Amino acid sequence: MTEEIIIAGFGGQGVLSMGKILAYSGIMQNQEVSWMPSYGPEMRGGTANVTVILSDERISSPYLKIVDTAIILNQQSMDKFEESVKPGGVLIYDPNGITTHPTRTDINIFQIEGTKLSSEMGNKKIFNMIILGGYLKVKPVVKLENVIEGLKKSISERYHNLIPLNVEAITMGMNNIVPYKVQEAIFQN
Amino acid sequence: MSELKLMKGNEALAEAAIRAGVDGYFGYPITPQTEIIEYLMAERPELRTGMVVLQAESEIAAINMVYGAASTGKKAMTSSSSPGISLKLEGISYLAGAELPAVIVNVVRGGPGLGTIQPSQADYFQSVKGGGHGDYKLYVLAPASVQEMADFVEDAFDIAFKYRAPVLILSDGLIGQMMEKVVLKPQKPRWTNEELIEKSGDWAVTGKKGRERNIITSLDLQSEKMEARVRRLMKKYEQMEKEDLRFEKINCDDAEYLIVAYGSSARISQKAVELGRAKGIKVGLLRPITLFPYPKKALFELADQVKGILSVELNAGQMVEDVRLSVEFKVPVEHFGRTGGIIHTPEEILEALEQKIIKNGSIRHHKTRESSIL
């Protein structure tokens, strides 16, 4: 199994930390992982992206043009990364602030109202965990128990009391991701 | 006990430095390697091992602090990124001239000038062809993973002390900034004064105490003596070529085409090899792990087997010259690489191999060279 993911959005949405939690979760189930962030001018200009790879084998390139899954959280990233998804791959996006919706017909597209759900839950900081939950519903590449272990590793110990809230957010995401344009029946409730 | 962690390349290198029993780190921040000094400052290694971590007032001050610390036989290191390394070159030349062991880390960004903070491999010439003044070389290690960022710290000090010579770890923004799994070695104690005198007492300034004084200098105004010093350096470099060359061959056994790449480009090229093999192209990868010494003989031999070689580097064409020299024009050798902080994708590399090497496979190399001049 190899899963190549790009997560892209605004700085502050928790793009990099979501990737880090995913990478840690992979380690918890003995996978090889890589996490390659944008650290350059893009980051300073407000958008951030990270490429995460989880694999059972040694990972060659940590930097990719074409990925299995793109998680897109703002319009600039939609413009840039819609084309990056492999035919048959997955695109997940939060429609909040999206003016040009994805148009490809050879991939599976899902929507998740992360921004709306996080404000309903009263904590905008758990936005990225809602998105992560949605992703894990579509692509169960790591088990929830390993995500919890991953969270423990990537969050400093004094915040471990927030883990139940994060798990709640992941569950919220799992229950609220909806198909937008889905090609094959990979999404089963 | 060894530990498994998820770390950035820069952080792994910093932690490995503490664990390798390094005595002193002297640095000055610059993107994309600032995590090294940040990590070292946050870890308080002075409490863990007694290691000194100091932010100097400039890169020039930092390399001269390394010069001073190395003179005493201690394990001293510094790190920077391209423009900062340019500032350190005078000190590096002095370290080589005075025959001192030290480790310098360059997490390369794009140049020339201030360039860009994004990854690049445009410091190849600077690293392997001198950089500073005079007849000297650096032993150059090129890590291609976070694990190697950690492992090469100890390897670099072993070589530095074996030869009493400065060693360069040539990384780049991609390897420095990415996170991967890393297994960290157990903590090694720093050398005690007694151990240090035993190992380096015959040359280091450790306090005279009844023996002849040791003098550390790179200056010799007597020509014969200076020439003897240069000859001594050249002998070391010859010995490095014989004993400490490192490289890795991937899918080379049946290869008809070859990619040569180091560091981050080697990782990306490995994916290009996978994509090429999936298309039925028999392509292999030669990854130099040391850039000096260079795997000349391995390349010379592979040139009898393959039809063409593509040198993939994040620069405008530097290592390609060493590939051409190594294969002595037996097969066509071309360069592919992006600059300005753009990272080539595996797909671009494969396309370059198909366009520049496979398509031109039947044309003799000297013809290609002529036509490119015309």
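Start in chain B of this predicted model. Select strand β4 (residues 76-80) and strand β5 of chain B: the two run parallel, joined by four bridges. Zoom in on B:Thr78, which sits opposite B:Ile104 of β5(B). Now trace the backbone between the two strands. From β4(B) the chain passes through helix α5 (residues 82-97) of chain B and on to β5(B). This β-α-β crossover is right-handed.

Stay on β5(B) and look to its partner β7(B). Select residues 166-172 of chain B to show strand β7, which pairs with β5(B) in the parallel sense over seven bridges. One pair to label is B:Val107 and its bridge partner in β7(B), B:Ser171.

Next, colour β5(B) by side chain. In a regular strand, side chains alternate between the two faces of the sheet. On one side of β5(B) are B:Ala102, B:Ile104, B:Asn106 and B:Val108. On the other are B:Val103, B:Val105 and B:Val107. Are these two faces covered or open? Both are covered, and the residues named on each side are all buried. Seven of the seven residues of β5(B) (residues 102-108) are buried, so the strand is largely enclosed by the rest of the structure.

**Where the chains meet**

Move to the contact between the chains. Chain B gives 20 residues and chain A gives 18 residues. On the chain B side, select α8 (173-177), β8 (179-184), α11 (263-278) and α14 (346-358); each gives two or more residues. Which of them gives the largest share of the chain B side? It is α11(B), with five residues. Colour this side of chain B by class: nine residues are nonpolar, five polar and six charged.

Now pick β8(B) together with strand β2 (residues 32-37) of chain A. They pair across the chains in the antiparallel sense, over two bridges. Label A:Trp35 and B:Met179, which stand opposite each other.

**The shared sheet**

Zoom out from that pair. β2(A) and β8(B) are neighbours in an open sheet of nine strands. Walk along it in this order: β7(A)-β6(A)-β5(A)-β4(A)-β1(A)-β3(A)-β2(A)-β8(B)-β1(B). The pairing is mixed. At the edges stand β7 (178-181) of chain A and β1 (3-8) of chain B. Each has a single partner strand, so one side of each is left without a neighbour in the sheet. On average, neighbouring strands are turned by 25° against each other, direction ignored.

Show helix α1 (residues 15-28) of chain A. This helix packs on the sheet and touches strands of both chains: β1 (2-10), β2 and β3 (47-55) of chain A, with β1 and β8 of chain B. Its direction makes about 10° with that of β3(A).

Then select strand β4 (residues 67-72) and strand β5 (residues 85-93) of chain A, a parallel pair over five bridges. A:Ile72 stands opposite A:Tyr93 in β5(A). Add helix α5 (residues 127-138) of chain A, which lies across β4, β5 and β6 (108-111) of chain A. This helix runs at about 145° to β5(A).

**Chain A as a whole**

Finish by isolating chain A, with its seven helices and seven strands. Follow the sequence and the pattern reads β-α-β-α-β-β-α-β-β-α-α-α-α-β. Its radius of gyration is 15 Å, close to the 16 Å of the globule rule for 189 residues, so chain A is as compact as a globular protein of that length. Its C-alpha atoms fill a box of roughly 45 × 40 × 40 Å along the principal axes. Of the 189 residues of chain A, 49% count as buried.

Notes. Residues numbered from 1 in each chain as written. Chains lettered and ligands numbered in written order. Predicted model: local features only at pLDDT ≥ 70, side-chain atom pairs only at ≥ 80, totals over all residues. Buried ≥ 20, exposed ≤ 12 C-beta atoms within 10 Å, placed from the backbone. Pairing = 2+ DSSP bridges. Right-handed = clockwise from strand over helix to strand, strands pointing away. Contact = placed C-beta atoms within 7 Å. Nonpolar A, V, L, I, M, F, W, Y, C, P; charged D, E, K, R; others polar. Axes fitted to C-alpha atoms, helices over the stretch in contact; angles between N-to-C directions. Rg over C-alpha atoms; globule rule 2.2 N^0.38 Å.
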